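Visitor: Please show me the model, and I will ask how each term is earned.
Guide: Here it is.

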Amino acid sequence: MLIEKKIESFTFLSISSSHLTFLRMAAFLPLDNRSFHHPYSRLLQLYGHICIFIYNTMWTGYGYRMISRREFEIDYICEQMVVEGVCLRYIVLCAKREQLCALVESCKRLWSYLRSGEDVIVRQFERKAYFFRNFMLINSILVVMLFIGTACFVRLPPLEVIGTERKVLPFRFYVDVQEDPMFSAVYALQAVVCTTISFVIASIETVSLYLIMMACGYLRSLRNRLLSLAENEDDAILAGETSFRLVVGCAHFHQQIMIFCEEVDRMTRTLFLFACFCTIYNMSITGIKLLENDENKFKFGAILSLNLFQFFTCQWAPEFLIIESEAIGKAAYFASLQPMASSHRERINRILYFIMMRAQKPIQLTAGGFIKLSIQTFGAMVKSAFSFFAVLRSFSST
């Protein structure tokens, strides 16, 4: 009895609250019972815009300084691509806030189709998004804290022979600040802005992770419901009209999930495009740099590994969606094989046939509408990239 009570305690808000909180903190969703035009919502929007603006200008301004000195830093280019990717995805989400609100409401409506015990299945997939987001957030905060902490002890050699050692800011900045209180003010500003950006990045990643994993949970619930129809072939409750109504409900649930997933694809394709483009660009330039006899080769190897992981994260969640959507067809097929009342067999099998036909084309999320996201795509693109680097290496060695 205690286990049953625990299962029944899960609600849409209880499993979605942490994700929705992150989206509200980044002003991608309005605050509870408020609109985007509420003063508090506008204040959060303003704070987010200011942090993104400062975050972008810190690296862009440093780039102008680097060009004026006629220097070129490959690690700066990689960092700049990451910064631009975050800023562009933030702008896209701000422009699509109303669409995101509609998707969250659609996700909430799909929750009403669940039966007793199926909320646990959805929560299992939601936990994947929850832990993955927290993993990325903790790593981002640790990196920021590492830069902030080490900057206190690092000193650069003086520009003049009799000069003093120069202080170092935690992150790149568009001017060289050495004197207090300006140095302390900029130091604190960078700490606040970059810590906030860590939460903004987690919020950006939450959009795709949360929506996709919730869709996977709904699909798994539907699959189990169809399989239970096959497993309970001798149960009189599932005979005749009751079986027909159950299958009709499954078909309607499947249709609503498909509509939801299509909206998720339209919402996230631009986000995935910027995420994939920035990581592939960084992988290309770091890979080429690794072919050179550079003393910092190990540093670029770490950057390449990081971008490989980021590119993998773009394919990870969509792969789950492909697997779960394909499984619906198999479940419908096994349900169609089980004995049922002859008066309803034809009608039930016709509905199951249409479910199988739709499931033959699995849900495929894309980046920009033309790059199919899956583990297969990840493997193919990484294989092509390494083949390209191998060809370049052979040319450089001859």
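Visitor: What makes the contact between the side chains of Arg220 and Glu324 a salt bridge?
Guide: A salt bridge is a side-chain nitrogen of Lys or Arg within 4 Å of a carboxyl oxygen of Asp or Glu. Arg220 and Glu324 meet at 2.6 Å, N to O, so the pair fits that definition. The two residues are 104 positions apart and link distant parts of the chain, with Arg220 in helix α7 and Glu324 in helix α9 (residues 297-336). Helices (H or I, at least four residues) and strands (E, at least two) are DSSP runs, numbered from the N terminus.

Visitor: What kind of model is this, and which values does it use?
Guide: This is a predicted model, in which local features need pLDDT of at least 70, side-chain atom pairs count only at pLDDT 80 or more, and totals for chains, interfaces and linings use all residues. Residues are numbered from 1 along each chain as its sequence is written, and side-chain values use heavy atoms, with hydrogens and water left out.

Visitor: Why is Glu324 called buried or exposed?
Guide: Buried means under 20% relative accessible area, exposed over 50%, and partly exposed in between (1.4 Å probe, protein chains only). Glu324 has 4%, so Glu324 is buried. Its partner Arg220 has 23% and is therefore partly exposed.

Visitor: What are the locations of Arg172 and Glu79, which form a salt bridge?
Guide: The closest N and O atoms of Arg172 and Glu79 are 2.6 Å apart. This pair also links distant parts of the chain: Arg172 is in the loop between β2 (166-167) and α7 (182-231), Glu79 is in helix α4 (residues 74-95), and 93 residues separate them. Arg172 has a relative accessibility of 13% and so counts as buried, whereas Glu79, at 29%, is partly exposed.

Visitor: How many residues apart are Arg269 and Asp265?
Guide: They are 4 residues apart in helix α8 (residues 240-291), about one turn of the helix. Their side chains meet in a salt bridge at 2.7 Å, N to O. Asp265 is buried because its relative accessible area is 10%, and Arg269 is partly exposed because its value is 28%. The structure holds 8 salt bridges.

Visitor: Why is the aromatic pair of Phe311 and Phe378 called tilted?
Guide: Rings of Phe, Tyr and Trp (its six-membered ring) pair if their centres lie within 6.5 Å; planes under 30 degrees apart count as stacked, over 60 as edge-to-face and the rest as tilted. The structure holds 21 aromatic pairs. Phe311 and Phe378 lie 5.6 Å apart, centre to centre, with 40° between the planes, and form a tilted pair. Phe311 is in helix α9 and Phe378 is in helix α11 (residues 375-397), 67 residues apart. Both residues are buried.

Visitor: What makes the pair of Tyr333 and Phe334 edge-to-face?
Guide: The angle between the planes of Tyr333 and Phe334 is 65°, and the centres are 5.5 Å apart, so the pair meets the edge-to-face limit. Tyr333 is partly exposed because its relative accessible area is 42%, and Phe334 is partly exposed because its value is 46%.

Visitor: Why does Leu43 count as exposed?
Guide: Leu43 has a relative accessibility of 55%, so Leu43 counts as exposed. The place of Leu43 is in helix α3 (residues 39-68).
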